[in-house]
Amino acid sequence: MASSFFSEFGLLWYLKELSQKEFSSFKEKLKQEPLRLGLQQIPWARVKKATREGLAALLILHYTEARAWDVAFTIFPKIDREDLCQKARKERGGHAKAYRAHVQEKFSHAWSRDTVPRGHGHVDRALTQREHRCLEHLFAPGRRTVILTGAPGVGKTTVLAKLMVAWAEGTLYQRRFSYVFYLCCREEARRAAATSLAALVCGGWSDSLAPAADIASEPERLLFILDGLGFEELAHDLDRPESDLCSDWMEPRPVRLVLSSLLRRKLLPEASLLVATAPASARLLEPRLGCLEIQTLPGLTEDEMLLSFSRMFGRRRWMGVLTFHLVRANRQLLSMCQIPALCWATGACLKQEMERGRDPALACRRATSLYSSFVLNLFMPKGAPCPYERSRAQLEGLCALAAEGMWSGTSVFGEEDLRRHGLAGPDIPTLLDAKALLRGPGGSSYSFLHLCIQEVCTALFYFVKAHGDHPSPSVGRVGAMLAAHMSGTKAQWLFLPCFLFGLLNEKEQQKLGAFFGSRLRPGEVRRAVERHLRGVREGLRGWLDALVLYYCLFEMEDEAFVRWAVDLFPEAFFLVTHPTDLVVLAYCLARGSALRKLGFSIQGVFVATSGTDDQLLYWDSICSVLTAKESLEEFRVSDCHLSGPALVTLINHLRHPRCRLPVLMMNNVSFSAESWCFFEVFSHSPGLKHLDLNGTSISHDDCKLLCDALNHPACNIEKLLLAGCGLSPEDCEGFKEVLTRSTTLKILDLSYNCLGHGLSLLCEALRLPACALRGLGLVGCQLKEPCWEHLRDAILGNRNLAHLDLSINDLKDEDLNLLCEALKQPSCSLTSLGLSNCSITANGCRDLASILSGNPNLRILQIRCNNIEDDGARLLCEALLHSNCHLERLGLGACQLTSACCEDLASVLTSSRSLKELHLAGNPLDRRGVQLLCAALRHPGCGLQTLGLNKAEFDAETQELLAAEEERNPCLTITHQ
């Protein structure tokens, strides 16, 4: 180690500095202080009798050297010996002291040179109270990996720079980490030469690797900060086999492999990691890193935005207040202004607009209008009707540079990149002065003010140049760009397609025409957009995220085009995670006229007991499709919490006389209001035929309200799905009455509810001749032994029930025998029976065979995931050959069948005139068994249309055999589904 004080003898030296009274107090503090640090107590009997030498040894033994010193540093000040803490830290000195000095100099210098990306507003060099609170509790006891995420430009790098300075100055993580290392992943990943992790952390402050031993001696006191980590850069290495990773931190390896080895804890696994990345990468990294904490950096508050705007206008601060209120009225712009650089750009643009005599409100119409004005104003001289030719050429070159960066995943450019796009040496100072580009660390690299500005310039590129005119082959067409973003493969792009659509707006075209003149190509861009959307609609060009498309249409603000595009996709599902999503949806849905199916998952928006007034206003507009769109067939809300006002808003539209919705789905939805008003809707919605409440918790009182509504004369619900709703046996009393009285309810699914003895109540109603129910789902209902007798009697007495699913219930052989007494009767009306995963054995197949041979009505039998084995399969095959058997679909997946039963199955295939589907996936069949089946499939008497087998479970030769059979017989489908 670098200092002898950080050893058992060093600790002993400081304990000997204590008086006897202080030493006794130190022992007393050991009863509580270790617990505060998340450590176990040392048995008091051992502490009480320990000498100074013995106590030093006990501390090291129980807590490790580093944590023993943490305990000592906590107790010394509490016994009025802060001087010992100061002396120990001063004595320690060595490499750690040199490194802290280096960090202070490096990051202070970077701050003064403006190489820390912090926008252009006022930013304190020190951590704010909010930032300090956010950081100080990141690494709670036991937590060693944290992802710090937030929108690009929100200030992650700035906060990390402040963190480094705070640690070096001793105001953060003083007792937690001996060393904190900052690694900029994008810069490090560009290194061509192999290097070691030790070389990475020692570089810049040590001429050698001499500090490495001191650093690695306490790996649990190391923090590595990995900034700018993009999943795309490390995707290959993060998925490498563990055997390929590096475990020696002194061994030179490719930088990406070194970083991946650190992230996957092959290198210094005891160290802590703070990974800063964008939200899209965070979602992909989380399962690979197994991180315990994700912290989101919130960005600027409204007060901080107002302060930035006010400072922008100097003495005329009232103008800053005025422009801020214009921005505040646009929720999307307000959200974007949480990012410091965009907040500055927004204020600068509105100031430019006012100075040029233009109405700043027009620039705040949409994000495209604002940021395109910002870019164009940088190159338009004040008072001039058009730009200088050189300024126009500079912007065109900048747009080509931006496009290359977007397609290649680059946001930092070298001087050669600029020259390649016609931006020569004299242009660079001009671009820097205009803030069109920022200079990076070292002075030889450049970047755009923010990724959004780079995206605006990229969108502009497509209006002034064809993609074929670009020197880089990586730059794709308009259609390729839309496909990449709307399908999620370019999730790191923020608003690029939105800006492209936004520039198609008529007012934006006028603005671009004044700048670029005849160079513009809006017609080509529009036709390319239309071709792509038609291709997606016709299934020729992948798929799209409907919400991404709606954001694009919102930016475009072209009534006719929006209506055409919305109607092009009449079925859409939206994941709503931000209040702005509601604004966009309300705008676009109001303009569609052919919507058929809509679904929403609303997360983190209606979090309080009530939403804000404007949120509810937009939600009301969304819900108005229920009354305004006659074409709407299905409305779904899933996986969300609806506040009281949000629920009432939805209910008001559902119960409106003009609402003719036939299908309503409310899955895994929780309410913060009284639910009675929700269930009352079904008494006022005669058009509602299908109600799906799967996954939504329903209390006993709720169930009573639901049953009352179902019994109402105006209720016409035919299909009711209540799987996983938390129903109890007592709730069956209400459903008994419904089944007794209702003539409309035909399908009832009560699966995954603990019904138990409540089934007897349902069976009483099922036995009645008036019961109109056609299908009943009782999957996973924990049905017990007495239930089967009631169910047998119900089946014997019912002449309408056609579908019964009892899967995932424990059926003993005697229980199955009891059921089959009813099921095998020719008078049994069942056509479909589900008994998957019911613990059925080969013995039980004798009873099942009696159903097949005795009941001519049964068409579907699903018994997958039962260990019937080959003996059971043979019994079923014998019954399938019976003249009275008309079964069309048989599910035998995962039934422990081997190739020994394939001869029997083949006999069924060649002889049965009714069997159309046979599912065998998940059984350990070999090539011989598959050959027998394929030979039967070629028999002229075989009428099978679907064979359930997972081709991937077999060797290459068997897969070829199955593929050949499928190709030979166009009527046959082989699938694992």
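Residues are classed as buried when their relative accessible area is under 20%, as exposed when it is over 50%, and as partly exposed in between, with a 1.4 Å probe and protein chains only. The structure is a predicted model, in which local features need pLDDT of at least 70 and side-chain atom pairs count only at pLDDT 80 or more, whereas totals for chains, interfaces and linings use all residues. Residues are numbered from 1 along each chain as its sequence is written, and side-chain values use heavy atoms, with hydrogens and water left out.

Rings of Phe, Tyr and Trp (its six-membered ring) were paired if their centres lie within 6.5 Å, with planes under 30 degrees apart counted as stacked, over 60 as edge-to-face and the rest as tilted. By this criterion, a search of the whole structure yields 29 aromatic pairs. One of these is the edge-to-face pair of Tyr173 and Phe177, with 5.3 Å centre to centre and 85° between the planes. Tyr173 is buried at a relative accessible area of 8%, and Phe177 is likewise buried, at 0%. Elsewhere, ring pairs join Tyr99, Trp167, Tyr179, Phe181, Trp205 and Phe224 into a cluster.

A charge was taken to sit over a ring if NZ of Lys or CZ of Arg is within 6 Å of the ring centre and within 35 degrees of the ring normal. Arg52 lies over the face of Phe23, at 4.5 Å from the ring centre, and Arg366 lies over the face of Phe554, at 3.7 Å from the ring centre.
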